[in-house]
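Me: I have a model open and would like to check the labels people put on its parts. Could you walk me through the reasoning behind them?

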Amino acid sequence: MGVGRGLLLVLAILAVCCLPALFALVFCADEILDRVVCGWAEWRERRRARRTIARLDRAIEAESLTRDIDLTEFDRENRRPLEQLAVDLRRLGGHRLAAADRSVVWHGAVIDAYDERLRAACAALGIGEHLAELDGVDREIERVRVEGLLHAAGLTLPAARPGHHQRHR
């Protein structure tokens, strides 16, 4: 009988020790169940979002959009920030448009500086241009084409004539 009573005593002590945990489990079962269900729902939502993003990447071929951009250009130390190029283009574009009372040499220098900034902006955005190879009317047409491409990329430039807004589609 000593062994049976000892075992019974151990079970009684174990029951008394576990009784608070059992009460907590019973009283907090809804909270525990709620946390498990919410965790499961969040996991499913994250999984669904990852699958949706993967489908979108495949649908628009996201890698092909950046394949032609040389990312090493962005690591050069002497590279001018795109924001600074935009400021320069707006400033030089304003000077280019208001050059009626300036000398031909000054106007030519402004046009050359403007074209150089256009080429730098095109290089930063991976847009092809041929400004350096052309002259005369062909260069002016290329300048308008490049301005339109830059505008489509999100870089707004001054209009060709004062009082008109740039509209490229």
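What follows is a set of questions about those labels, each with its reasoning.

Reply: Happy to help, and please keep in mind that this is a predicted model.

Me: What makes the overall fold pattern α-α-α-α-α-α?

Reply: The secondary structure comes to six helices and zero strands. Read along the sequence, that gives the pattern α-α-α-α-α-α.

Me: Thanks! Why is D115 called buried?

Reply: D115 sits in helix 5, residues 104–125. Its relative accessibility is 0%, and buried means under 20%, so D115 counts as buried. Across the protein, buried residues make up 18% of the 169 residues.

Me: How do you know that the side chains of D115 and R139 are joined by a polar contact?

Reply: The contact between these two side chains is 2.7 Å. The cut-off for a pair of N or O atoms is within 3.5 Å, so the D115 and R139 pair qualifies.

Me: Let's turn to the charged pairs. What makes E31 and R35 a salt bridge?

Reply: Their side chains meet at 3.3 Å, N to O. A salt bridge needs the nitrogen within 4 Å of the carboxyl oxygen, so E31 and R35 pass. As general background, side chains of opposite charge can pair when their charged atoms come close.

Me: Why are E31 and R35 about one helical turn apart?

Reply: Because E31 and R35 are four residues apart in helix 2, the separation is about one helical turn.

Me: And are E31 and R35 buried, partly exposed or exposed, and why?

Reply: E31 has 40% relative accessibility, and the partly exposed class lies between the 20% and 50% limits, so E31 is partly exposed. R35 has a relative accessible area of 61%; exposed means over 50%, so R35 is exposed.

Me: How do you know that E45 and R48 form a salt bridge?

Reply: The N to O value for their side chains is 3.1 Å, and the cut-off is within 4 Å, so E45 and R48 count as a salt bridge. Both lie in helix 2, three residues apart, about one turn of the helix. E45 is partly exposed at 44%, and R48 is partly exposed at 37%.

Me: What about E116 and R117: what makes them a salt bridge?

Reply: The closest N and O atoms of E116 and R117 are 2.8 Å apart. That is within 4 Å, so the label holds. E116 is partly exposed at 34%, whereas R117, at 15%, counts as buried. The two residues also belong to a network of salt bridges that links D88, R91, E116 and R117. The whole structure has nine salt bridges.

Me: Now the surface. What makes the patch that includes R58 a positive one?

Reply: R44, R46, R47, R50, R51, R55 and R58 gather there. Arg counts as positive, so this surface patch is one of positive charge. R58 lies in helix 2, residues 29–60.

Me: Why is R58 called exposed?

Reply: Its relative accessible area is 59%, and exposed means over 50%, so R58 is exposed.

Me: Which residues make the nonpolar surface patch?

Reply: L19, L22, F23, L25, V26, F27, I32 and V36 make this patch of about 810 Å². Helix 1 (2–27) and helix 2 are the elements that give two or more residues to the patch. Helix 1 gives the most, with six residues.

Me: Why is V26 called exposed?

Reply: V26, in helix 1, has 57% relative accessibility. Exposed means over 50%, so V26 is exposed.

Me: Two last ones: why are E83 and I141 called exposed?

Reply: E83, in helix 4 (residues 82–97), has a relative accessible area of 59%. I141, in helix 6 (residues 136–152), has 54%. Exposed means over 50%, so E83 and I141 are exposed. As for spacing, the C-alpha atoms of E83 and A121 are separated by 9.5 Å, with their positions 38 residues apart along the chain. The C-alpha atoms of I141 and L131, ten residues apart along the chain, are separated by 9.5 Å.

Technical notes
Residues numbered from 1 in each chain as written. Predicted model: local features only at pLDDT ≥ 70, side-chain atom pairs only at ≥ 80, totals over all residues. Heavy atoms only, no water. Patch = residues over 30% accessible without salt bridge, like charges linked within 9 Å, V, L, I, M, F, W, Y side chains within 5 Å. Areas by Shrake-Rupley, 256 points an atom, 1.4 Å probe, with all protein chains shown as cover. Charge placed at Lys NZ, Arg CZ, Asp CG, Glu CD. Buried < 20%, exposed > 50% of the residue type's maximum accessible area, 1.4 Å probe, protein only. Polar contact = N/O pair within 3.5 Å; in protein donor to acceptor, adjacent residues only side chain to side chain.
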